[in-house]
Amino acid sequence: MRILFYILLASLTFLWLLPNRSIFPRTEERNTQPLIVSTTSMIGDLVTAIIGDQLDHYVLIRGELDPHGYQLVKGDADRFGRADIVFCNGLGLEHGVSLVQALQQHPHAVYLGDQVRSRIPEKILSIEGAWDPHIWMDVSLWMEASYIVEEVLSIRFSEYKPFFQRIANSSREKWSRLHMYL
């Protein structure tokens with residue numbers, strides 16, 4: 001036991017004496033890969049279907065959490081600060097105060113539902129003057145959202161554009177067949 005203690009002590013002393021070296025990367029050295037943030041798991045699935053493993057991707061609201069009233073938790077603000085693009089649903093789905101503020105302040109927040117509504121307004125349901133934000137429940141609307149995701153990613157990360165196009169087209173073909181089957 002005593003020998004193990006001295007070996008450990010010697011190892012730690014050696015590491016401490018190394019000039020300007022760390023066994024942990026510095027903050028500015030970590031997380032250099034572009035980060036995409038999606039607010040919900042549905043959007044996360046759509047984005048992942050297009051980016052594959054080419055970019056770092058984080059989904060804020062997972063599992064049983066309610067996107068309607070979600071409030072930012074520890075670490076979310078850092079992810080927003082690092083995010084190159086934030087994909088959110090829009091159409092009033094995300095209305096927790098802290099999340100709304102973070103989305104409004106992010107220079108590259110993309111409101112998929114709002115953009116789908118501007119492209120094909122006749123397809124978005126309106127109930128008593130409020131837009132139905134649950135666009136992922138209609139395959140044709142979700143496919144339209146996939147075009148938006150592909151366009152935004154291809155502009156921001158042009159080096160991956162052929163990859164995004166190929167994967168997005170393949171995914172849309174599968175979704176079209178599924179839509180026809182249903």
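Here is a walk through this protein, from its overall layout to its packed helices and then to a few individual residues. The model is a predicted one, so please read every value below as computed from that prediction.

Let's begin with the general plan. The protein has 7 helices and 6 strands. Starting at the N terminus, these elements follow the order α-β-α-β-α-β-α-β-α-β-β-α-α, so you can trace the chain in your viewer with that pattern in hand. Of the 182 residues, 35% are buried. The surface that the protein exposes comes to about 11600 Å², with 57% of it supplied by carbon and sulfur atoms. Among contacts with a separation of 6 or more, 59% join residues that are 24 or more positions apart.

A good place to zoom in is helix H6, which covers residues 139–156. With its 18 residues, H6 reaches 26 Å from its first C-alpha to its last, close to the 26 Å expected at 1.5 Å a residue. The buried residues of H6 include Leu-141, Trp-142, Met-143, Ile-148, Val-149 and Leu-153, and also Glu-144 and Glu-150. What do the buried residues of H6 pack against? Their partners are strands S1 (35–40), S3 (85–88) and S4 (109–111), together with helices H2 (41–51), H5 (112–119) and H7 (161–181).

Of those partners, H7 deserves a closer look. Two packed helices are described by the angle between their axes and the distance between the axes. For H6 and H7, the angle is about 180° and the axes are 10 Å apart. The two helices are therefore roughly antiparallel to each other. On the H6 side, the contact is made by Val-139, Ser-140, Met-143, Ser-146, Tyr-147, Glu-150, Leu-153 and Ser-154. H7 answers with Lys-161, Phe-164, Gln-165, Ala-168, Arg-172, Trp-175, Ser-176 and His-179. By type, the residues of this contact divide into 7 nonpolar, 6 polar and 3 charged.

One residue of that contact can be followed individually. Ser-154 sits in helix H6, and it counts as buried because its relative accessibility is 8%, where the cut-off for buried is under 20%. Leaving aside residues up to four places away in sequence, Ser-154 touches Lys-161 and Phe-164.

H7 also packs with H2. Here the axes come within 7 Å and cross at roughly 125°, which means that H2 is oblique to H7. H2 contributes Leu-46, Ala-49, Ile-50 and Ile-51, while H7 contributes Phe-163, Phe-164, Ile-167, Ala-168, Ser-171 and Trp-175. The residues of the contact between H2 and H7 divide into 9 nonpolar, 1 polar and no charged.

Next, let's visit two buried residues outside these helices. Leu-60 belongs to strand S2, residues 56–61, and its relative accessibility of 4% is why it counts as buried. Which residues does Leu-60 touch, not counting those up to four places away in sequence? They are Val-37, Ser-38, Thr-39, Tyr-70, Asp-76, Phe-80 and Leu-99. Leu-60 and Val-37 are 23 residues apart in sequence, with 7.2 Å between their C-alpha atoms.

His-106 is in the loop between H4 and S4. At 10% relative accessibility, His-106 counts as buried. With residues up to four places away in sequence set aside, His-106 touches Phe-80, Ala-83, Asp-84, Ile-85 and Val-86. The C-alpha atoms of His-106 and Phe-80 are separated by 7.3 Å, with these positions 26 residues apart along the chain counted as their spacing. Phe-80 is thus a residue touched by His-106 and also by Leu-60.

Finally, look at the backbone in two loops. Most residues other than glycine have a negative phi. Leu-91, although not a glycine, has a positive phi of about 55°. Leu-91 lies in the loop between S3 and helix H4 (97–105) and is buried, with a relative accessible area of 10%. Glu-128 also has a positive phi, near 50°, in a residue other than glycine. Glu-128 lies in the loop between strand S5 (126–127) and strand S6 (130–131). Is Glu-128 buried or exposed? With 82% relative accessibility, Glu-128 counts as exposed, whereas Leu-91 is buried.

Note on methods. Residues numbered from 1 in each chain as written. Predicted model: local features only at pLDDT ≥ 70, side-chain atom pairs only at ≥ 80, totals over all residues. Heavy atoms only, no water. Helix = DSSP H or I, 4+ residues; strand = E, 2+ residues; numbered from the N terminus. Buried < 20%, exposed > 50% of the residue type's maximum accessible area, 1.4 Å probe, protein only. Contact = heavy atoms within 4.5 Å. Areas by Shrake-Rupley, 256 points an atom, 1.4 Å probe, with all protein chains shown as cover. Expected span 1.5 Å × (residues − 1). Axes fitted to C-alpha atoms, helices over the stretch in contact; angles between N-to-C directions. Parallel < 35°, antiparallel > 145°, perpendicular 65-115°, else oblique. Nonpolar A, V, L, I, M, F, W, Y, C, P; charged D, E, K, R; others polar.
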